[in-house]
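This report introduces a structure to a reader who has not met it before, taking a helix and then some helix pairs in turn.

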Amino acid sequence: MTTTEKPKAGLEDVVATSSAICYLDGERGVLAYCGYDIHDLARSATFEEVCYLLWHRRLPTRAELGDLQSELAAARPLPEAIVRLMRSLPPVDGMDALRTVTSALAHYDPEAADTSAAAQYRKAVRLTAQIGSVVATWGRLQAGGGPIAPNPAMGHAASFLYMLTGARPDAPSIRAFDLALTLHADHELNASTFAGRVAAATLTDIYSATVAAIGALKGPLHGGANAEVMRMLLALGQDASADRVEQTIRAKLGRKEKIPGFGHRVYRTEDPRATHLRRMSHELGKRAGTTAWFDMSERIEAIVKGEKKLNPNVDFYSASTYYTLGIPIDLYTPIFAVSRISGWTAHILEQYANNRLIRPRADYTGPAYPQRVVPLDER
Ligand SMILES: CC(C)(COP(=O)(O)OP(=O)(O)OC[C@H]1O[C@@H](n2cnc3c(N)ncnc32)[C@H](O)[C@@H]1OP(=O)(O)O)[C@@H](O)C(=O)NCCC(=O)NCCS
């Protein structure tokens, strides 16, 4: 680097691209997809409407939504070879399986090499349909069951739950899962989306860019946090006393351990997505006959807020929400991808449409230049 300017650690507050997809105001706690506030979308839109919005920058008409639903339904069945591949994998983490299988999906896409805008869009739709099927089928296989064929009459949220459990989900479960998908769909230049855009900017294919994004999402500082939250709650135990919760969390903070599901690089307020997931976790708990996980989560929230002034992020209450829906913990982060594939592909398509290679510089901090290469025998 030829300037004396020091880079900002973690590129904090650095504006790295222009994008028309997601508006984020961390000071006021505003999240909007293409101008639509997340609270309005959470109340009034389905995940499929949100997908259309992210890809087209406007909400669909009823006919357009119907077309998209048909395209998603048509793409949901997985090639037999993909199911065989899943069966052949060792018992690995759900994100590792998703990364491998998403990469393999490219080999069964007849349009994989077509770089026209129309083909890229069709691939975005197919990837969104198929990542849902992959995660549901993986969950099914891990639980020892056989794969369940998707029901073309079902929407994305209902189809996922049906393919995962083999049972027709009830309306509150579908609504809760659809809301979770809507809330996770996009989040500006989060680490995985940025990784996907960096890959796309080399003009690599959409599958490779998606695999880059999946790899970034897996980390515990990003999407991996939702599973970590549930592991923390389970380690405390459903019947943990208020004292035990308080002591455990304060001890963790005292050891400078991070509490999963808290803090955010951008928000200085409550994460607007957490507001809905907190409510959903509470409602599902009441319906299931115990709010123990929700109550414990609220207790932890109060302690972390009081001690560290940190707010819960999207991952905190999604953990108890998914747990109450009966979803295995290993699927929590893959489910993040089931939703975020819509945002990833919207960003990848936006990158392709107006591309320049993303290639920043580094502030060199190594040994002084030039060093003499001492011959091997003299070292
Ligand atoms: C999200 C996250 C990665 C943002 O990171 P960041 O902007 O780089 O913030 P930092 O990690 O530099 O944290 C700043 C300070 O807050 C503290 N902090 C941040 N998140 C914390 C957490 N979850 N628990 C306890 N302390 C936390 C840090 O220890 C640090 O304290 P210090 O200044 O005394 O050293 C971070 O808050 C985190 O690791 N959270 C837990 C994982 C998580 O939930 N990720 C999902 C994000 S949606």
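## The two sides of helix H3

In this predicted model, the residues of helix H3 that count as buried are Leu68, Gln69, Leu72 and Ala75. Seen down the axis of H3, these buried residues fall within an arc of 135°, so they line one face of the helix. The face of H3 turned away from that buried side carries exposed residues, namely Arg62, Ala63, Gly66 and Ser70.

Helix H3 itself runs over residues 62-75, and its 14 residues reach 20 Å from the first C-alpha to the last, which is close to the 20 Å expected at 1.5 Å a residue. The cover over the buried residues of H3 includes helix H2 (47-56), helix H6 (117-142) and helix H7 (156-165).

## Helices H10 and H16

Helix H10 (residues 206-217) packs with helix H16 (residues 332-353) at an angle of about 135°, and their axes are 10 Å apart. That angle makes H10 oblique to H16, and the crossing of these helices is right-handed.

Where they meet, H10 contributes residues including Ile206, Ala209 and Leu217, while the residues of H16 in this contact include Phe336, Arg340, Trp344 and Ile348.

## Helices H8 and H13

Helix H8 (residues 171-184) and helix H13 (residues 272-288) pack at an angle of about 160°, with 11 Å between their axes. H8 is therefore roughly antiparallel to H13, and H8 passes H13 in a left-handed crossing.

From H8, the residues Pro172, Ala176, Leu179 and Leu183 take part in the contact, and they meet residues of H13, among them His276, Met280 and Leu284.

Key:
Residues are numbered from 1 along each chain as its sequence is written. This is a predicted model: local features need pLDDT of at least 70, side-chain atom pairs count only at pLDDT 80 or more; totals for chains, interfaces and linings use all residues. Helices (H or I, at least four residues) and strands (E, at least two) are DSSP runs, numbered from the N terminus. The expected span of a helix is 1.5 Å times one less than its number of residues. A residue is buried if 20 or more other C-beta atoms lie within 10 Å of its own, exposed if 12 or fewer, and partly exposed in between; C-beta atoms are placed from the backbone. The arc is that of the directions from the helix axis to the C-beta atoms. Two residues are in contact if their C-beta atoms, placed from the backbone, lie within 7 Å. Axes are lines fitted to C-alpha atoms, for helices over the stretch in contact, and angles run from 0 to 180 degrees between N-to-C directions. Angles under 35 degrees count as roughly parallel, over 145 as roughly antiparallel, 65 to 115 as roughly perpendicular and the rest as oblique. A crossing is left-handed if the near helix is turned anticlockwise from the far one by less than a right angle, and right-handed if clockwise.
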